[in-house]
Amino acid sequence: MENQSEENQLNIELPEELAEGAYVNLALIAHSPSEFVMDFIRILPGLPKGKVKSRVVMTPDHAYRLMLALQENMQKYEESFGPINKDGSEGGFDFPMNYNGPIGEA
């Protein structure tokens, strides 16, 4: 029995260059009949364009399992830390549509 559990273990390597992660504040999602494409983007105030920090491509069934895992983790998060502000009110982050901000003048 002990040998069987060792066979079922998954060994995952996290390369050092990815371990730090990337901060993103926007995700764009597109799909075709065979895949979902998710671009994770960082937009900074005052800059004219955002930068894609990561693109993830997966099959629809994997995207569905990701959605379920996110739902489960959101529930666990709210059980531990309280409700997540979902409508942008009461101090939550409200993504501004004019996020480029004013252009500085000299």
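# Notebook: a hairpin, a third strand and a helix

**Entry 1: the hairpin.** I began with strands E1 and E2, which form a hairpin with four residues between them. I kept in mind that this is a predicted model. E1 covers residues 26-31 and E2 covers residues 36-42. The two strands run antiparallel, and I found six bridges joining them. To get my bearings across the pair, I picked out Leu-28, which stands opposite Asp-39 in E2. I made a note to come back to Asp-39.

**Entry 2: the whole chain.** Next I stepped back to see where the hairpin fits. The protein chain has three helices and three strands. Reading from the N terminus, I get the order α-α-β-β-β-α. I also looked up how much of the chain is hidden: buried residues make up 9% of its 106 residues.

**Entry 3: the third strand.** Which strand does E2 pair with besides E1? I found E2 paired with strand E3, residues 51-58, in the antiparallel sense. Seven bridges hold this pairing in the model. A handy landmark here is Phe-36, which stands opposite Met-58 in E3.

I then clicked on Val-52, which is found in strand E3. Val-52 has a relative accessible area of 44%, so I wrote it down as partly exposed. I also checked Val-52 against Leu-26, which sits 26 residues away along the chain. Their C-alpha atoms are separated by 9.2 Å.

**Entry 4: back to Asp-39.** A search of the whole structure for salt bridges gave me four. One of them involves Asp-39, which forms a salt bridge with Arg-55. The closest N and O atoms of this pair are 2.6 Å apart. What does the pair tie together? Asp-39 lies in strand E2 and Arg-55 in strand E3, so the salt bridge links parts that are 16 residues apart in sequence.

Are the two partners buried or exposed? Asp-39 is buried, with a relative accessible area of 12%. Arg-55 is exposed, at 55%. I like this entry for a newcomer, as it follows one residue through two contacts: Asp-39 stands opposite Leu-28, and Asp-39 also forms the salt bridge with Arg-55.

**Entry 5: the length of H3.** From the strands I moved on to helix H3, which covers residues 60-81. I wanted to know whether its length looks right. H3 has 22 residues, and at 1.5 Å a residue it should span 32 Å. The end C-alpha atoms are 31 Å apart, which agrees. Just after H3 comes Gly-82, and I noted its positive phi of about 95°.

**Entry 6: salt bridges around H3.** Another of the salt bridges joins Arg-65 and Asp-61. Their closest N and O atoms are 3.5 Å apart. How far apart are the two along helix H3? They are four residues apart, so about one helical turn separates them. Arg-65 counts as partly exposed at 45% relative accessibility, and Asp-61 is partly exposed too, at 40%.

I also found Lys-86 in a salt bridge with Glu-78. In this pair the closest N and O atoms are 2.6 Å apart. Lys-86 is exposed, with a relative accessible area of 65%, while Glu-78 counts as partly exposed at 26%.

**Entry 7: aromatic rings.** How many aromatic pairs does a search of the whole structure find? I got one. Tyr-77 and Phe-81 form this pair, with the ring centres 4.9 Å apart. The planes make an angle of 45°, and the pair is tilted. Planes under 30 degrees apart would count as stacked and those over 60 as edge-to-face, so 45° falls among the rest.

Both residues lie in helix H3, four residues apart, about one turn of the helix. Tyr-77 is partly exposed, with a relative accessible area of 40%. Phe-81 is exposed, at 63%.

**Entry 8: a nonpolar patch.** My last stop was the surface. Tyr-64, Met-67 and Leu-68 make a nonpolar surface patch of about 290 Å². I looked at Met-67 in particular, which lies in helix H3. Met-67 is partly exposed, with a relative accessible area of 38%.

Technical notes. Residues numbered from 1 in each chain as written. Predicted model: local features only at pLDDT ≥ 70, side-chain atom pairs only at ≥ 80, totals over all residues. Heavy atoms only, no water. Phe/Tyr/Trp six-rings, centres within 6.5 Å; stacked < 30°, edge-to-face > 60°. Buried < 20%, exposed > 50% of the residue type's maximum accessible area, 1.4 Å probe, protein only. Patch = residues over 30% accessible without salt bridge, like charges linked within 9 Å, V, L, I, M, F, W, Y side chains within 5 Å. Areas by Shrake-Rupley, 256 points an atom, 1.4 Å probe, with all protein chains shown as cover. Salt bridge = Lys/Arg side-chain N within 4 Å of Asp/Glu carboxyl O. Pairing = 2+ DSSP bridges. Expected span 1.5 Å × (residues − 1).
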